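This briefing is meant to be read alongside the sequence and the coordinates. It takes up charged pairs and then the surroundings of one helix.

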Amino acid sequence: MKKLINAPEDVLVESLKGTALAHPELSVDLETHVITRAVPKAQGKVAVVSGGGSGHEPLHGGFVGPGMLDAAVAGEVFTSPTPDRVQAATKAVDRGAGVLHIVKNYTGDVLNFEMAAELAQMEGIEVGTVVVDDDVAVQDSLYTAGRRGVGLTVLLEKLVGAAAEEGQDLASVVALAQRINGQGRSMGMALTSCTVPAAGKPTFDLPEDQMEIGIGIHGEPGRHREPLAPASEIARQLVEPILGDLDFAGPAIVMVNGMGATPQIELYLMYGEVAALLEKAGVQIVRNLVGNYITSLDMAGCSVTVLKADDELLRLWDAPVNTPGMRWGA
């Protein structure tokens with residue numbers, strides 16, 4: 001294993017220390033592993049909290065800041081944060097108008113955020129929840145009941161964060177989050193496995209001439225494994241299941257996301273292939289993201305996310321955002 005670490009057991013805390021030094025606009029609690037804004041938003045606004053296992057950076061800590069999250073809770077690598085830490089984040093950012101929990105559909109995350117919400121509600125904090133389950137690759141997986149929560153989480157955090165920032169109430173923010181979840185789909189693939197520092201070896205073996213279609217963000221198996229193909233064919237195998245699951249004709253926000261080890265030149269190449277397929281299917285790309293936004297450590301590969309867009313979503317998308325992982329209009 002070749003990694004820029006000191007000891008596997010110290011990776012998360014040492015990474016959080018570096019985050020705090022690099023971003024004085026953030027407040028990092030090394031005890032609870034909670035990242036919040038150094039300057040909280042105004043009293044009377046809904047707060048937005050997300051989190052999960054580490055290893056997916058910049059998700060979630062890189063999206064804390066004006067226009068997106070109020071707090072992110074970091075678990076150990078690929079391990080859900082505990083309920084008491086999620087509760088601590090919820091309590092820290094509550095501004096008196098309630099808190100939205102954005103939860104990816106993995107069993108540990110769902111259970112722990114649910115327990116944290118109950119604890120917060122016992123303290124008088126109103127909590128709403130959306131569980132993101134956008135992955136069309138598989139119905140159930142090693143870590144989930146139902147579909148996995150993957151790339152749509154990034155788009156949802158941006159859009160819902162903007163709605164909360166402008167002062168929408170908790171019921172409206174929850175309804176928006178649920179609507180976004182219902183009209184977005186994702187699919188990913190891997191060229192290589194990832195290596196969890198504590199394990200010291202690749203999560204699975206993938207020969208040089210093979211690729212995995214439908215991979216999860218923790219290295220979970222996908223739909224199938226097959227010989228490596230050109231980018232145009234890979235794009236087709238990612239886009240067709242998305243289009244087959246929901247009618248995306250009309251305007252859309254599209255993300256081509258890197259899994260951590262894929263260079264930007266290849267991601268832009270893939271975006272070109274994806275855009276051509278979507279255009280042929282009657283999908284009009286009106287906004288896009290291309291880059292590493294929700295990763296799987298050092299995995300090579302990519303994912304595609306398509307979200308049906310409308311005037312409200314485009315307005316919220318264009319609203320200013322100022323976080324380490326996403327910044328415009330600020």
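Lys 104 has a relative accessible area of 2%, which makes this residue buried, since buried means under 20%. The model is a predicted one, and a search through the whole of it finds 16 salt bridges. The points below start from Lys 104 and its partner, move on to a network of salt bridges around Arg 37, and end with helix H7.

**A buried charged pair**

- Lys 104 forms a salt bridge with Asp 109, and the closest N and O atoms of this pair are 3.8 Å apart.
- The partner, Asp 109, has a relative accessibility of 6% and therefore also counts as buried.

**The network around Arg 37**

- Four residues, namely Arg 37, Lys 41, Asp 70 and Glu 165, are linked in a network of salt bridges.
- Within this network, Asp 70 forms a salt bridge with Arg 37, with 3.6 Å between the closest N and O atoms.
- Because Asp 70 lies in the loop between strand S3 (47-54) and strand S4 (71-77), while Arg 37 belongs to strand S2 (residues 34-37), this pair ties together parts that are 33 residues apart in sequence.
- Both Asp 70 and Arg 37 are buried, the relative accessibility of Arg 37 being 8%.
- Arg 37 also forms a salt bridge with Glu 165, whose closest N and O atoms are 2.9 Å apart.
- This second pair links distant parts of the chain, 128 residues apart, with Arg 37 in strand S2 and Glu 165 in helix H4 (residues 152-165).
- Glu 165 has a relative accessible area of 21% and is therefore partly exposed, whereas Arg 37 is buried.

**Helix H7 and its two faces**

- Helix H7 (residues 264-280) has 17 residues, which at 1.5 Å a residue should span 24 Å, and this agrees with the 24 Å between its end C-alpha atoms.
- The buried residues of H7 are Leu 267, Met 270, Tyr 271, Val 274, Ala 275 and Leu 278.
- These residues cover an arc of only 145° around the axis, so they lie on the same side of H7.
- That buried set packs against helix H6 (231-245) as well as strand S10 (250-258), strand S11 (283-291) and strand S12 (301-308).
- On the face of H7 turned away from the buried side are the exposed residues Ile 265, Glu 279 and Lys 280.
- H7 is followed by Gly 282, which has a positive phi, near 85°.

Conventions. Residues are numbered from 1 along each chain as its sequence is written. This is a predicted model: local features need pLDDT of at least 70, side-chain atom pairs count only at pLDDT 80 or more; totals for chains, interfaces and linings use all residues. Side-chain values use heavy atoms; hydrogens and water are left out. A salt bridge is a side-chain nitrogen of Lys or Arg within 4 Å of a carboxyl oxygen of Asp or Glu. Helices (H or I, at least four residues) and strands (E, at least two) are DSSP runs, numbered from the N terminus. Buried means under 20% relative accessible area, exposed over 50%, partly exposed in between (1.4 Å probe, protein chains only). The expected span of a helix is 1.5 Å times one less than its number of residues. The arc is that of the directions from the helix axis to the C-beta atoms. Contact means heavy atoms within 4.5 Å.
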